[in-house]
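Visitor: I would like a close look at the part of this model where the metal is held. Please go through the residues there one by one, and then follow the chain outward from them.

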Amino acid sequence: MLTLEKNIDTFVEKFLITPEKIWQPTDFLPNSQSDTFIEEIKEIKELSKDLDDDFWTVLVGDTITEEALPTYESWLLDINGVSQHTNPNGGGDNGWAKWLRAWTGEENRHGDVLNKYIYLSGRVNMREVEITTQHLIADGFDIGTARDPYKNFVYTSFQELATYISHNNVAKIARKNGHKLLAKMSKIIAGDEMRHHLAYTEFIKQIFQHDPSEMMLAFQYMMKHKIVMPAMNLRHSGEEKGCLFDQFSAVAQRAGVYTGFDYVDIIKKLNTTWEIDKISGLTAEAEKARDYLMKLPERMYRITERIIVPDTKYNFKWINPIT
Ligand SMILES: [Fe+2]
Ligand SMILES: [Fe+2]
């Protein structure tokens with residue numbers, strides 16, 4: 001972490017964008033200062049009737065997942081090698097803390113823009129959404145990485161790509177249904193996620209150069225543990241922690257927004273990006289981990305093929321019926 005930290009300014013410059021230059025939520029929303037504001041909202045409300053409940057459920061779940069950003073920031077700021085203390089004994093505010101704050105600043109726009117959009121759609125019971133969000137932040141999560149930076153960066157490499165896929169698929173469905181604004185918005189969020197994915201995979205690439213065996217073992221550990229979704233603890237108002245996650249996940253799969261096959265494709269892509277077949281200088285244990293990882297996509301693909309996604313109609317408290 002100390003070695004990589006020396007290049008943090010280059011990373012920030014290469015992978016992140018300053019507030020003045022990057023898009024802001026307002027760029028994609030009706031302007032409340034304009035005379036056409038009400039008309040524009042009416043149009044959004046009309047269009048929103050054409051998209052089905054599954055679609056709205058996924059969009060709301062994605063929004064809530066983005067809105068739980070405090071969980072992710074506090075988790076990542078706690079990784080070994082990250083320090084945000086000014087106390088000299090605490091290591092001082094370091095480059096990694098700077099990276100994470102800048103990353104958080106970018107991510108914060110995602111929940112912001114989506115929240116405003118679903119609010120304007122008229123399809124969503126915002127109070128229920130807000131209760132779920134508050135619960136999700138209070139419940140936190142445990143992604144099984146402990147404070148290990150290698151494992152955490154495997155997680156973020158994976159998760160940024162997963163969010164890219166899901167926002168990108170939302171964009172496609174929205175476009176197909178004539179929802180241009182939502183399509184543009186989701187597409188541009190997906191672009192941010194891709195940029196973040198490239199950054200985190202770059203960190204891992206560099207770690208592989210310095211510490212190949214430990215990096216390989218960390219990667220294997222995370223794949224065996226499975227990448228749990230950030231919204232693992234999702235619940236409705238008045239329900240137990242985590243009650244809603246399986247239903248949400250089933251809806252996301254049948255809507256084609258994020259499926260088991262996407263999960264497998266991500267593993268495949270990470271194997272390729274990190275060229276794990278070409279990494280040399282591994283210990284015997286790390287060689288075995290590599291073998292495991294190389295075979296994993298194929299194995300998981302066969303398992304995924306056998307999984308049947310339920311088509312049960314779930315009642316999500318977040319969704320307003322069309323009136
Ligand atoms: Fe995001
Ligand atoms: Fe992200």
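Guide: What follows covers the metal site, then the helices that supply it, and then some features elsewhere on the chain.

The model is a predicted one. Five donor atoms of the protein surround the iron ion (ligand 1): two OE atoms of E66, one OE of E107, ND1 of H110 and one OE of E193. These donors lie 2.1 to 2.4 Å from the ion. Written along the sequence, the donor residues of ligand 1 follow the spacing E-x40-E-x2-H-x82-E. Within this set, E107 in helix α6 (residues 95-121) and E193 in helix α9 are 86 residues apart, and the pair links distant parts of the chain.

The iron ion (ligand 2) has its own list of protein donors, namely OE atoms from E107, E160 and E193, at 2.0 to 2.1 Å. The sequence spacing for ligand 2 reads E-x52-E-x32-E. Here too a pair links distant parts of the chain: E107 in helix α6 and E160 in helix α8 are 53 residues apart. The two iron ions are 3.4 Å from each other, and E107 coordinates both. E193 appears among the donors of ligand 1 and again among those of ligand 2.

How accessible are these carboxylates? The cut-off for a buried residue is a relative accessible area under 20%. E107 has 5% and is therefore buried. E193, at 1%, is buried as well, and E160 counts as buried at 4%.

Another buried residue is T57, with 3% relative accessibility. T57 sits in helix α4, which covers residues 53-67. The C-alpha atom of T57 is 20 Å from that of Q159, and these two residues are 102 apart along the chain.

Charged residues also pair with one another away from the irons. The whole structure holds 16 salt bridges. In helix α13, E287 and R290 are three residues apart, about one turn of the helix. Their side chains form a salt bridge with an N to O distance of 3.2 Å. The two partners fall into separate classes of accessibility: E287 is partly exposed at 32%, whereas R290 is buried at 9%. Salt bridges with shared partners also tie E106, R109, D192 and R195 into one network.

Another salt bridge joins the side chains of E46 and K49, at 3.0 Å from N to O. Both ends are partly exposed, E46 with 47% and K49 with 33% relative accessibility.

E275 combines a salt bridge with a backbone feature. The residue lies in the loop between α12 (260-273) and α13 (284-306). Its side chain meets that of K278 in a salt bridge of 3.5 Å, N to O. E275 is partly exposed at 40%, and K278 is exposed at 58%. The phi angle of E275 is positive, about 45 degrees, although E275 is not a glycine. Most residues other than glycine have a negative phi. K226 also has a positive phi, near 80 degrees. K226 is placed in the loop between α10 (212-225) and α11 (245-254), and with a relative accessible area of 44% it is partly exposed.

Helices α8 and α9, which carry the iron donors E160 and E193, turn up again at the surface. A patch of positive charge is formed there by K172, R175, K180, K184 and K187. Two elements give two or more residues to this patch, α8 (149-176) and α9 (180-210). The largest share, three residues, comes from α9. K184 belongs to helix α9 and is partly exposed, at 48% relative accessibility.

The last feature is a nonpolar patch on the surface. I303, I307 and V309 make up this patch, which has an area of about 230 Å². Of these residues, I307 is located in the segment after α13.

Terms used:
Residues are numbered from 1 along each chain as its sequence is written. Chains are lettered from A and ligands numbered from 1 in the order in which they are written. This is a predicted model: local features need pLDDT of at least 70, side-chain atom pairs count only at pLDDT 80 or more; totals for chains, interfaces and linings use all residues. Side-chain values use heavy atoms; hydrogens and water are left out. Patches are made of residues with over 30% relative accessible area and no salt bridge: like charges are joined within 9 Å, nonpolar side chains (Val, Leu, Ile, Met, Phe, Trp, Tyr) within 5 Å. Accessible areas come from the Shrake-Rupley method with a 1.4 Å probe; for residues, only the protein chains shown count as cover. A salt bridge is a side-chain nitrogen of Lys or Arg within 4 Å of a carboxyl oxygen of Asp or Glu. Lys and Arg count as positive and Asp and Glu as negative; His and the chain ends are not counted. The place of a charge is taken as NZ of Lys, CZ of Arg, CG of Asp or CD of Glu. Helices (H or I, at least four residues) and strands (E, at least two) are DSSP runs, numbered from the N terminus. Buried means under 20% relative accessible area, exposed over 50%, partly exposed in between (1.4 Å probe, protein chains only). Donors are N, O and S atoms within 2.8 Å of the metal (3.2 Å for Na, K and Ca); water is not among the atoms, so sites may look incomplete.
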